[in-house]
Amino acid sequence: MPVFLFLFIIMPIAEMAVLIKVGGIIGVLNTIGLVLLTAVAGAWLLRQQGLATLLKANQRLNSGELPAKEVAEGLVLAVGGALLLTPGFITDTVGFLCLLPGTRHWFVAQAMKRMMMAGQTSGFHFRAGGGQGPFGQPSGDRENPFGRQRPFDRDANDDIIEGEYQDETESDRDRIEKK
């Protein structure tokens, strides 16, 4: 809830206050011109940086690598572009920070670090039966015309299967190198 409060109530009020203050200093027409100029400059920068990121992602795909960093950069670029199209100087500032390569790489590095930490703390869990079905009913206990049935007649405590796995499939590159 606090994020939505910030995005939809506090941020527009702050943007209006800054626009009114700047409009009082440099004039209404100059303020409108400056907002339009930042939108045009942002669109040009977004196009340039977006194409560069797309080319890097294509090169990584062609070399057989997963372009995870480039996908994350594309997401940051999209957010930056949306912020630049939103009228206001605060969103324009954050939008430009998303489009500039140095700060964009920092944003991506921070996001990937947080995702890696979240991925390490949560493990891989598989639950067979006993979970929730699509409509909130327990999936292990299904009602049907013939009465209540439990698949495999197991206790509820036996439904959790824990384990680790290791991917042992060969990639195309490994098969080519063996030949």
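In which helix is Glu15 found? Glu15 lies in helix 1, which covers residues 2-26. The model described here is predicted. This briefing considers helix 1 and its buried residues, then the salt bridges, of which the count comes to four, and finally a glycine in helix 2.

**Helix 1: course and length**

- Helix 1 has 25 residues, which at 1.5 Å a residue should span 36 Å. Its end C-alpha atoms are 34 Å apart, a value that agrees with the expected span.
- Helix 1 carries a kink of about 35° at Ile10. The kink comes shortly before a proline, Pro12.
- Gly27 follows just after helix 1 and adopts a positive phi of about 100°.

**Helix 1: buried residues**

- Met11, Glu15 and Gly23 are buried in helix 1.
- The buried residues of this helix pack against helix 2 and against helix 4, the latter formed by residues 89-99.

**Glu15: a buried charge without a partner**

- Although Glu15 is buried, it has no salt bridge.
- Which side chain of opposite charge is nearest to Glu15? That side chain belongs to Lys21, and it is 15 Å away. A salt bridge requires the nitrogen and oxygen atoms to be within 4 Å, so Lys21 does not pair with Glu15.
- Leaving aside residues up to four places away in sequence, Glu15 touches Pro87, Gly88, Phe89, Ile90 and Thr91.

**The network around Glu73**

- Side chains of opposite charge can pair when their charged atoms come close.
- Lys56, Glu73 and Arg104 are joined in a network of salt bridges.
- In one of these pairs, Lys56 bridges to Glu73, with the closest N and O atoms 3.8 Å apart. This pair connects distant parts of the chain, as Lys56 belongs to helix 2 (residues 28-62) and Glu73 to helix 3 (residues 68-85), 17 residues apart.
- Arg104 also forms a salt bridge with Glu73, at 3.5 Å from N to O. Here too the pair links distant parts of the chain, with Arg104 in helix 5 (residues 101-121) and Glu73 in helix 3, 31 residues apart.
- Are Glu73 and Arg104 buried or exposed? Glu73 has a relative accessible area of 1% and is therefore buried. Arg104 also has a relative accessible area of 1%, so Arg104 is buried.
- Lys56 has a relative accessibility of 31% and therefore counts as partly exposed.

**The Arg60 and Glu65 pair**

- Another salt bridge brings together the side chains of Glu65 and Arg60, at 3.1 Å from N to O.
- Glu65 counts as partly exposed because its relative accessibility is 37%. Arg60 is likewise partly exposed, with a relative accessible area of 26%.

**Gly50 in helix 2**

- Gly50 is part of helix 2. Its relative accessibility is 25%, so Gly50 counts as partly exposed.
- How far apart are the C-alpha atoms of Gly50 and Ala78? They are separated by 8.6 Å, while the two residues stand 28 residues apart along the chain.

Terms used. Residues numbered from 1 in each chain as written. Predicted model: local features only at pLDDT ≥ 70, side-chain atom pairs only at ≥ 80, totals over all residues. Heavy atoms only, no water. Helix = DSSP H or I, 4+ residues; strand = E, 2+ residues; numbered from the N terminus. Buried < 20%, exposed > 50% of the residue type's maximum accessible area, 1.4 Å probe, protein only. Lys, Arg positive; Asp, Glu negative; His and termini not counted. Contact = heavy atoms within 4.5 Å. Expected span 1.5 Å × (residues − 1). Bend = angle between axes of the 7 residues up to and from the residue.
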